[in-house]
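I opened this model to look at a pocket, a sheet and one side chain. My notes follow in the order in which I looked things up.

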Amino acid sequence: MRTIANKMKAPFLSSLLNLSGGIFLKTVKPFKKGDFIEINGEIGSVSSCSWSSSEIKTIDGELVKVENSQFILGTLNNLSDKNIIRLELNLNVCYSENMADVKQAIYSFLKEHSGILKSPKSKITVAKLHENHVELKIAPWCLLDHFLELDYKLETALYQHLLKKGFNMPNREELFSTIRETA
């Protein structure tokens, strides 16, 4: 289990801050067990909350311990009442491309798209390494009302955008022939 902690060297101050955070959580109640929250970029469902720390279960199923001082010192968003959802886009990019440039182009595309939310932040991760390309997973957030439209159109629009920018990407026919050859 990972821990999101304060970087303080003095254990007494760290314990005091965690207790203060616990008091803050018990009195203000910015979330309850089961709420979907974002704290310092970590997103997940609250599974427990004690006086010194809380636990969230991330979207990937990982349990993360969050010291309660982070709720005072960090940035907390309770997403349960905001009616938002995460999209999951998959994109294949050839190894010959500069991945930093590809990520920058994807982030700028998402930033310019009106249906994509600024917070929580979109994430780009490597889903799988193939023989000739890398499969990226792009996870932007949108309002629930826009989900079906964006889920249907956004992946293709992003693919076309990157092609127009000159990025080398395997076309879908190449991918299917590779799959057929391995099967």
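Entry 1, the pocket. I took a pocket to be an open set of grid points, on a 1 Å grid over the protein atoms alone, with protein on both sides within 12 Å along at least five of seven lines. The volume I noted is the space filled by probe spheres set on the points. The model is predicted, and I read what follows with that in mind.

I looked up the second largest pocket and found about 260 Å³ of space in it. Its lining is made by 16 residues. Nearest the centre of this pocket I noted Ile-59, Asp-60, Arg-86, Lys-123 and Thr-125. Strand S3 (42-49), strand S9 (123-129) and strand S10 (133-139) are the elements that each give two or more residues to this lining. Which strand gives the most to the lining? I found S9 in that place, with 3 residues. I then sorted the lining by residue class: 8 are charged, 5 nonpolar and 3 polar.

Entry 2, the sheet. I followed S9 and S10 from the pocket into their sheet. The sheet is open and has 3 strands, in the order S8-S10-S9, with antiparallel pairing. I recorded strand S8 (89-94) and S9 as the edge strands, each of which pairs on one side only. On average, neighbouring strands here are turned by 30 degrees against each other, direction ignored.

I next looked at S9 with S10 and counted 6 bridges, in the antiparallel sense. Across this pair, Ile-124 stands opposite Ile-138 in S10.

Entry 3, the helices on the sheet. Which strands does helix H3 touch? Helix H3 (residues 99-112) packs on the sheet and touches S8, S9 and S10. The direction of H3 makes about 30 degrees with that of S10. I also noted helix H4 (residues 147-164), which lies across S8 and S10. H4 runs at about 20 degrees to S8.

Entry 4, Phe-31. I found Phe-31 in the loop between helix H1 (11-28) and strand S2 (36-39). Is Phe-31 buried or exposed? Buried means under 20% relative accessible area, and Phe-31 has 11% relative accessibility, so I entered Phe-31 as buried.

I listed the contacts of Phe-31, leaving out residues up to four places away in sequence: Leu-25, Ile-37, Val-46, Cys-49, Phe-71, Leu-76 and Asn-78. I also checked Phe-31 against Ser-80, which is 49 residues apart from it along the chain. The C-alpha atoms of Phe-31 and Ser-80 are separated by 8.8 Å.

Terms used
Residues are numbered from 1 along each chain as its sequence is written. This is a predicted model: local features need pLDDT of at least 70, side-chain atom pairs count only at pLDDT 80 or more; totals for chains, interfaces and linings use all residues. Side-chain values use heavy atoms; hydrogens and water are left out. On a 1 Å grid over the protein atoms alone, a cavity is a set of points where a 1.4 Å probe fits but cannot get out, and a pocket is an open set with protein on both sides within 12 Å along at least five of seven lines; lining residues have an atom within 4 Å of a point. Ala, Val, Leu, Ile, Met, Phe, Trp, Tyr, Cys and Pro count as nonpolar, Asp, Glu, Lys and Arg as charged, and the others, Gly among them, as polar. Two strands pair if DSSP finds at least two bridges between them. Axes are lines fitted to C-alpha atoms, for helices over the stretch in contact, and angles run from 0 to 180 degrees between N-to-C directions. Contact means heavy atoms within 4.5 Å. Buried means under 20% relative accessible area, exposed over 50%, partly exposed in between (1.4 Å probe, protein chains only).
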